[in-house]
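Okay, thanks everyone for squeezing in. Let me put the structure up and then talk you through a few places in it.

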Amino acid sequence: MSSPNTPDRFNEEQATFTVRGTDVPDLEAGVAAIRNVLATLPARPGVYRMQDARGDVLYVGKARALKNRVNNYTQVDRLPRRLQRMVAQTRSMTIVTTNNEAEALLLEAQLIKRYRPAYNVLLRDDKSFPFILLRADHEYPRIQKHRGARRARGNYYGPFASAGSVNNTLNALQKLFLLRSCTDSFFKTRDRPCLLYQIKRCSAPCVGRISQEDYADLIADAKAFLAGKSTQVQAKLGGQMQAAAENMDFELAAIIRDRLKALTFIQGSQAINAEGVGDADIFALANKNGVMGIQAFFIRGGQNWGHRSFFPAHTNDVPEGEVLASFLVQFYEEVPPPRSIFVDRELEEAALLGEALGNAVGFKVSLSVPQRGTRRRLLDQAKRNAEEALDRRLAESTTQAKLLREVADLFELPEPPDRIEIYDNSHIQGTNALGAMVVAGPEGFRKGQYRKFNIRDAKTIPGDDFGMMREVFARRFARAQAEDPDRDSGEWPDLVLIDGGRGQLNAAKGVLEELGIEDVCLVGVAKGPDHGREGREVFHLMDGRELTLPTNAPVLFYLQRLRDEVHRFAIGAHRAKRAKAIGASPLDEVPGIGPARKKALLMHFGTGRAVRNASLEDLQKAPGVSALVARQVYDFYHGR
């Protein structure tokens, strides 16, 4: 379900009503702001946003009748404490009307994802799920892993719970159906089979080792298998193997036997037996000490495509059913729903949620609580997994809290840090230089907040680690000052670790002093006297002191993990940038030259240098290059 940038798809009317008054958060001012909206509010379906004095969104809600729903917030004695605090901070509201309540429910999910309000239940893990894509835009379709928007033409199968589960399935599918996984450009340039053909994971359509008709049969079998018809595929392969053996074609029989083994591997790797379930998602919620966890199982075609644990935020004092319902509508804002969704409790708005999801995907979606049979057994298994995952989460949180207290004691912080930022640089002799930032908190690494900084300041000398660090810190904290001067968004770090010694630390410290920032704790993490030996790190503090820790100290292991994560992220980003640069061409800089003309010029002249040195007449002779384009290229290289 895609998220439009604006809610125009609902043909709604939008208006903003604001009460200007004191900035002191109190109930009277909040109720006055809400009553001012009520005076002109229609009794129609829609979505409302509550905002504070700065205009930041506090809460997003939907209603069948906006006037009735918003009026409830003026009866503060009936509201729980959480909502009373929200009303006290409210200074304005934005109202969006929709055609019906189902549309309001979808719009609510989009706005929660966009604004991430402080009083809404939030889905923490908004990372996209991987899919298997069987493309349909080539005479020999490609099978591949896919994330993100589904723009390519073809069949999408998923979601899979993790990259590992989709990779394992892809490997087995390659063995089973011998479908190509290479890019179209790689496919076109082959004149002999690649290694995948040698290890029996591809049928080598690129060099004609299989006809288009036979490859189409493999595609049909793959679609049948991914649709849950594995028994049909197994019977077909068994018959082919027997026929090959009877014809004394033992080599072909051996190939089919290996494919059957791959099919057996996929069937045997299903930790959950979901035969007969078809397409379904299963959700169960566990709650301990006010912390909630949700376990999701993904079943497609009766096959288990993995499971994942979620731990929504802002769940204090929120009923369990409301948490699960809010989680589901946000979850399916990005992931296409199956026809059946099984949950472990009755939801008040199950019918409405099913209607909204069905309208978005074009088929009926039902939510139910299974009572018996395979579906009930799967739900019970999801509930056990939810409880176990929550127990692990609580145990990890306890350990993490202890480590953060030790970090605070070590670096003399007033309280355990909620946000730790770690920085590193990566380059090879100054080329493809970039800086990297990773973020960690009490719940672990916050991968959605990692950042890369391409080193682009002309004043930064290539290979100057100190200059690179200055540029990274100047950009990071100048932007933070501009966007969040009051530091109330949670985006300011309590502790900053720098992979480097005294020089890198002083470079970063100088930038913060120039910006007038004096209360951010900086620590440099150097390799120590043994240079690279684990456990001998030296921690450089801002006041000039140096600390070392016992080699078996848990807090040292934690800090090493933070340092290693930023190093991994920086190296990976640098390698990706370097790989992109290797494939770059001097013609990329010429304005008005697209991929087709660039390819035509390179095919005609052989190299970018030859294009640069060519005369205007020679450029005009290149196929597909007009006189105007030839003049643009010539003038670009000859300074006219």
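I'll go through the cores, then a little run of strands, then the cysteines, and finish on a helix.

One thing up front: this is a predicted model.

So, the cores. The largest nonpolar core has 46 residues, and the members that touch the most others are Phe283, Leu324, Phe327, Leu328 and Phe331. If you want to know where it draws from, the elements that each put in two or more residues are α4 (101–115), β8 (280–288), β9 (291–300), α11 (320–331), β11 (340–343), α12 (350–361) and α13 (373–410). Zoom in on Leu328 for a second: leaving out residues up to four places away in sequence, Leu328 touches Phe283, Val343, Leu347, Leu353 and Leu367. Apart from that core there's another, of 30 residues, with Leu403, Ala436, Val523 and Leu562 among them.

Next, the strands. Have a look at β19, residues 538–541. Which way do its side chains point? Val538 and His540 go one way, Phe539 and Leu541 go the other, and all of them are buried. That's the usual pattern, since side chains in a regular strand alternate between the two faces of the sheet. On one pairing, β18 (521–526) runs antiparallel to β19, with 4 bridges joining them, and Ala526 has Val538 as its bridge partner. β19 is also antiparallel to β20 (546–547), this time through 2 bridges, and there His540 sits opposite Glu546. β19 and β20 make a hairpin with 4 residues in between, and Gly544 in the turn has a positive phi of about 100°.

Now cysteines. How many disulfides does the structure hold? The count is 0. Take Cys194: its closest cysteine sulfur is in Cys202, and at 5.6 Å that's too far for a bond, because a disulfide needs the sulfurs within 2.5 Å. Cys194 is partly exposed, by the way, at a relative accessible area of 21%. Cys206 isn't in a disulfide either; the nearest cysteine sulfur belongs to Cys182, 6.0 Å away.

Last stop, helix α20, residues 627–638. Going by 1.5 Å a residue, its 12 residues should span 16 Å, and the end C-alpha atoms are indeed 16 Å apart, so the two agree. Val629, Ala630, Val633, Asp635 and Tyr637 in α20 are buried. And what covers them? Among the elements doing that are α17 (595–605), α18 (608–613) and α19 (616–621).

That's my tour, happy to rotate to anything you'd like to see again.

Key: Residues numbered from 1 in each chain as written. Predicted model: local features only at pLDDT ≥ 70, side-chain atom pairs only at ≥ 80, totals over all residues. Heavy atoms only, no water. Expected span 1.5 Å × (residues − 1). Buried < 20%, exposed > 50% of the residue type's maximum accessible area, 1.4 Å probe, protein only. Contact = heavy atoms within 4.5 Å. Core = buried A, V, L, I, M, F, W, Y, C linked by side-chain atoms within 4.5 Å. Pairing = 2+ DSSP bridges.
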